Amino acid sequence: MFDTLRMFHILFGIFVGGTYIFMTLILEPRLRKLGPSVQTPVMRAITPILTPIMAASFTIILGTGIAMIFLLNPGALDTLWSTAWGWDIIIGAVATIIVMVIGFGLIVPTGIRLDKLGRSIEGRPPSPQEAQQLHHLSERVTKLTQTNFVFVAIAIITMVIARYL
Ligand code: HEM
């Protein structure tokens with residue numbers, strides 16, 4: 001049972017961690033170089049697929065993570081606060097929750113605004129004001145994704161060292 005949970009946890013952890021690493025270090029810097037005429041349509045094409053897949057992955061990571069905490073500490077959850085392992089997992093879990101809040105609470109709504117604006121100017125060049133707004137929203141998505149990358153990195157590091165504590 002524990003091994004199955006751990007396997008799913010690691011698989012989806014790799015997916016979420018890998019996605020953030022790829023987006024932050026490779027995709028976004030490249031797209032920025034190519035300019036808004038490429039960046040905006042690519043981001044608009046990716047977001048509707050990525051958002052539900054990330055939401056499902058985070059749910060699985062959180063669910064399997066909580067289940068593993070219970071299995072590893074049967075009837076003694078309070079020991080979480082008094083062991084290095086417990087603190088390590090708490091820090092990782094909090095970092096994951098921050099990623100979820102920033103991701104679904106801030107990045108997704110900004111992405112929706114970006115998409116709406118993009119749709120309203122399809123088939124014609126954007127006005128200077130619209131171009132500025134598109135740029136502002138894209139920058140916001142990039143900055144928030146970079147912030148989340150830091151918390152994803154914290155989650156990955158705490159999880160990987162957990163076994164050795
Ligand atoms: C993006 C977020 C996360 C990633 C990438 C991630 C990744 C991992 C990985 C790779 C391991 C295996 C470590 C090893 O065996 O060497 C692991 C273990 C574990 N994770 Fe996560 N995890 C994440 C979030 C969470 C959350 C939110 C919780 C709890 C609510 C959690 C609880 C655990 C537990 C209890 C273990 C077992 C540790 C042990 O064997 O001592 N994880 N995680």
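These legends go with a set of close-ups of a predicted model of a protein chain and its ligand.

**View 1. The whole chain, an all-helix run.** Start with the overall layout: the protein chain has 4 helices and 0 strands. Reading from the N terminus, the order is simply α-α-α-α. Put a box around the C-alpha atoms along the principal axes and you get roughly 65 × 25 × 25 Å.

**View 2. Helix α3 and its bend.** Here we follow α3, which covers residues 84-120. At G103 this helix bends by about 30°. What span should its 37 residues have at 1.5 Å a residue? The expected value is 54 Å, because the span is 1.5 Å times one less than the number of residues. In the model the end C-alpha atoms of α3 sit 53 Å apart, which agrees.

**View 3. The pocket that holds the ligand.** The ligand takes up the space of the largest pocket. Around it is a shell of 20 residues. Which helices chip in at least two shell residues each? They are α1 (2-34), α2 (36-72), α3 and α4 (128-162). Of these, α2 gives the largest share, with 6 residues. By residue type, the shell splits into 14 nonpolar, 4 polar and 2 charged.

**View 4. Up close with the ligand's neighbours.** R6, H9, W85, M159 and R163 are the closest residues to the ligand. Three of the side chains here have an N or O atom close to a polar atom of the ligand. For R6, a ligand oxygen lies 2.4 Å from a side-chain N or O atom. For H9, the ligand partner is a nitrogen, at 2.8 Å from an N or O atom of the side chain. For W85, the ligand again offers an oxygen, 2.7 Å from a side-chain N or O atom.

Key. Residues are numbered from 1 along each chain as its sequence is written. This is a predicted model: local features need pLDDT of at least 70, side-chain atom pairs count only at pLDDT 80 or more; totals for chains, interfaces and linings use all residues. Side-chain values use heavy atoms; hydrogens and water are left out. The bend at a residue is the angle between axes fitted to the seven residues ending there and the seven starting there. A residue is near a molecule or strand if one of its heavy atoms lies within 4 Å of it. A polar contact is a pair of N or O atoms within 3.5 Å; within protein, one must be able to donate a hydrogen and the other to accept it, and residues adjacent in sequence count only if both atoms are side-chain atoms. On a 1 Å grid over the protein atoms alone, a cavity is a set of points where a 1.4 Å probe fits but cannot get out, and a pocket is an open set with protein on both sides within 12 Å along at least five of seven lines; lining residues have an atom within 4 Å of a point. A molecule sits in a cavity or pocket if more than half of its atoms lie within 2 Å of its grid points. Ala, Val, Leu, Ile, Met, Phe, Trp, Tyr, Cys and Pro count as nonpolar, Asp, Glu, Lys and Arg as charged, and the others, Gly among them, as polar.
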